[in-house]
Amino acid sequence: MRSVAPWARVIVVNHNAGSLLQTCVDALAAQTLDVFETVIIDNASRDGSIEALRLPDDRFRVVVARANLGFAAANNLAVSDCGTDWIITLNPDTRPRKDWLQELRLASVRHPDATMFGSTQINAQRPDRVDGFGDVYSIFGTAWRGASGQLLATLPDDDREVFAPCAAAALYAREAFLAAGGFDESFFCYLEDVDLGFRLRLRGERCVQARHAEVLHVGSATADADSDFFVFHSQRNRLWLMAKAVPSPLIWLVTLLQIAVVPLVLLRRGIGKWRVTFGGIVAGLKGLPDALRQRRQVQIGRTLSNVELARMLVWDPRKALRHAPHFIEPGIVETQAAREA
């Protein structure tokens with residue numbers, strides 16, 4: 001038994017990840033920083049991945065859900081009894097480098113006023129390519145993983161501030177996570193990390209992309225990024241995110257631009273995906289009353305000004321089309337601590 005209290009809780013949500021789950025757990029066990037605990041939430045997998053899993057030591061435990069709770073609810077469940085100052089969300093289709101946790105911890109020391117940290121996600125099939133370098137949000141109401149598909153060599157060599165972390169490999173201060181209400185469980189999965197990051201941003205929190213905290217990411221290993229499931233949830237959740245988080249008067253501009261974007265989305269998806277795309281949009285519209293009720297609470301806690309938020313968003317449609325990274329210049333926004341000083 002280790003006598004040193006864990007620095008962070010790593011949460012791995014598994015749903016039919018196959019042998020990738022064991023690979024992820026083994027990579028965690030090999031970390032150079034060993035003061036952590038891991039909770040693996042199994043979302044009613046049917047592929048035998050949880051039965052075949054071998055836990056390396058007492059830092060790891062499994063919680064088996066009776067149903068598929070979704071990514072958002074499963075993470076919230078794992079946080080509910082957490083006593084560490086930091087929580088980490090990690091997809092089972094990732095393979096962290098040996099110094100990944102150490103680099104995240106060092107980043108938290110370098111940037112003591114940040115409460116969110118993202119990892120450099122590398123395409124596991126093409127290790128010279130980026131899978132994601134921070135979540136980006138645009139004035140068009142769209143979101144993406146920054147630098148996805150670009151050469152790894154094009155990334156900066158230092159930490160950068162970004163809009164939000166991708167929850168495939170993210171670090172959150174537990175107190176900030178809980179104060180914002182955690183992940184929105186109605187999202188089930190997809191864009192729940194952008195939604196949480198947006199809400200934390202509105203509360204004056206900062207997000208730093210830790211350049212040298214690297215994970216290999218298979219990506220869409222448990223849900224094809226072009227599947228009906230992905231298309232439906234991403235379309236639906238995009239509308240709820242806008243309705244909840246984008247403040248007035250920016251919401252009117254974002255809504256108009258999102259209406260203009262929908263035909264482009266249909267063209268990019270192809271005729272075969274039109275029905276499911278429309279289904280997601282209809283489901284999003286049906287859920288707007290609930291999203292608008294949540295909006296009141298989200299906006300009450302807002303400290304970020306419209307000007308500060310606008311400067312964080314992507315306005316260039318060319319950057320949106322190529323999923324370019326977007327870095328936030330230092331000094332755009334005061335932290336909550338600075339406001340209260």
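Good morning. I begin with Ala-44, which is partly exposed because its relative accessibility of 23% falls between the 20% and 50% limits. Please keep in mind that the model before you is a predicted one. Ala-44 sits in the loop that joins strands E2 and E3. Its phi is near 55°, a positive value in a residue other than glycine. As background, most residues other than glycine have a negative phi, and most peptide bonds are trans.

A second residue belongs beside Ala-44 in this part of the talk. His-323 also has a phi near 55°, again positive and again in a residue other than glycine. His-323 is located in the loop between helix H11, residues 317-321, and helix H12, residues 336-340. With a relative accessible area of 31%, His-323 is partly exposed.

The backbone has one further feature to show you. Where is the cis peptide bond that I wish to point out? The bond runs from Ser-248 to Pro-249, and its omega is near 0°. Pro-249 itself belongs to the loop between H6 and H7.

Let me turn to helix H1, which spans residues 20-29. Its buried residues are Leu-21, Gln-22, Cys-24, Val-25, Ala-27 and Leu-28. In an α-helix there are 3.6 residues a turn, so residues three or four places apart point the same way. What do the buried residues of H1 pack against? Their partners are five strands, namely E1 (8-14), E2 (36-43), E3 (60-65), E4 (86-90) and E5 (94-96), together with helix H3 (100-110).

I move now to two charged residues that are buried. The first is Asp-159, in the loop between strand E9 (143-145) and strand E10 (160-161). Is Asp-159 buried or exposed? Asp-159 counts as buried because its relative accessibility, 15%, is under 20%. Its side chain makes a polar contact of 2.7 Å with the side chain of Arg-110. A polar atom of that same Asp-159 side chain also lies 3.1 Å from the backbone nitrogen of Arg-211. Beyond its neighbours within four places in sequence, Asp-159 is in contact with Ala-107, Arg-110, His-111, Val-208, Gln-209, Ala-210 and Arg-211.

The second is Arg-201, which is part of helix H5. Arg-201 has 0% relative accessibility and counts as buried. What does the side chain of Arg-201 reach? At 2.6 Å, that side chain meets the backbone oxygen of Val-162.

Next come the aromatic rings. The whole structure contains 15 aromatic pairs. One of them joins Phe-188 and Phe-229 edge-to-face, with 6.2 Å from centre to centre and 75° between the planes. Phe-188 lies in the loop between helix H4 (174-179) and helix H5 (192-202), while Phe-229 lies in helix H6, so this pair ties together parts that are 41 residues apart in sequence. Phe-188 has a relative accessible area of 22% and is partly exposed. Phe-229, at 36% relative accessibility, likewise counts as partly exposed.

Phe-229 also takes part in an edge-to-face pair with Tyr-190, at 6.1 Å centre to centre and 65° between the planes. Why does this pair tie together parts that are 39 residues apart in sequence? The reason is that Tyr-190 lies in the loop between H4 and H5, whereas Phe-229 lies in helix H6. Elsewhere among the rings, Phe-71, Tyr-172, Phe-177 and Phe-183 are linked by ring pairs into a cluster.

My last topic is the second largest pocket, whose volume is about 330 Å³. Its lining consists of 14 residues, and those nearest its centre are Leu-239, Met-242, Ile-251, Thr-255 and Leu-288. Four helices each give two or more residues to this lining: H6 (228-245), H7 (250-269), H8 (274-286) and H9 (288-300). Which helix gives the most? That is H7, with six residues. By residue type, the lining divides into 11 nonpolar, two polar and one charged.

To close, I would return to two places on the structure. Please look at the loop between H4 and H5, where Tyr-190 lies and pairs with Phe-229 of helix H6. Please look also at Asp-159, whose side chain is joined to that of Arg-110 by a polar contact of 2.7 Å. Thank you for your attention.

Conventions:
Residues numbered from 1 in each chain as written. Predicted model: local features only at pLDDT ≥ 70, side-chain atom pairs only at ≥ 80, totals over all residues. Heavy atoms only, no water. Buried < 20%, exposed > 50% of the residue type's maximum accessible area, 1.4 Å probe, protein only. Polar contact = N/O pair within 3.5 Å; in protein donor to acceptor, adjacent residues only side chain to side chain. Contact = heavy atoms within 4.5 Å. 1 Å grid on protein atoms, 1.4 Å probe; cavity = no way out; pocket = protein on both sides within 12 Å on 5 of 7 lines; lining within 4 Å. Points joined across faces, edges and corners; volume = space filled by probe spheres on them. Nonpolar A, V, L, I, M, F, W, Y, C, P; charged D, E, K, R; others polar. Phe/Tyr/Trp six-rings, centres within 6.5 Å; stacked < 30°, edge-to-face > 60°.
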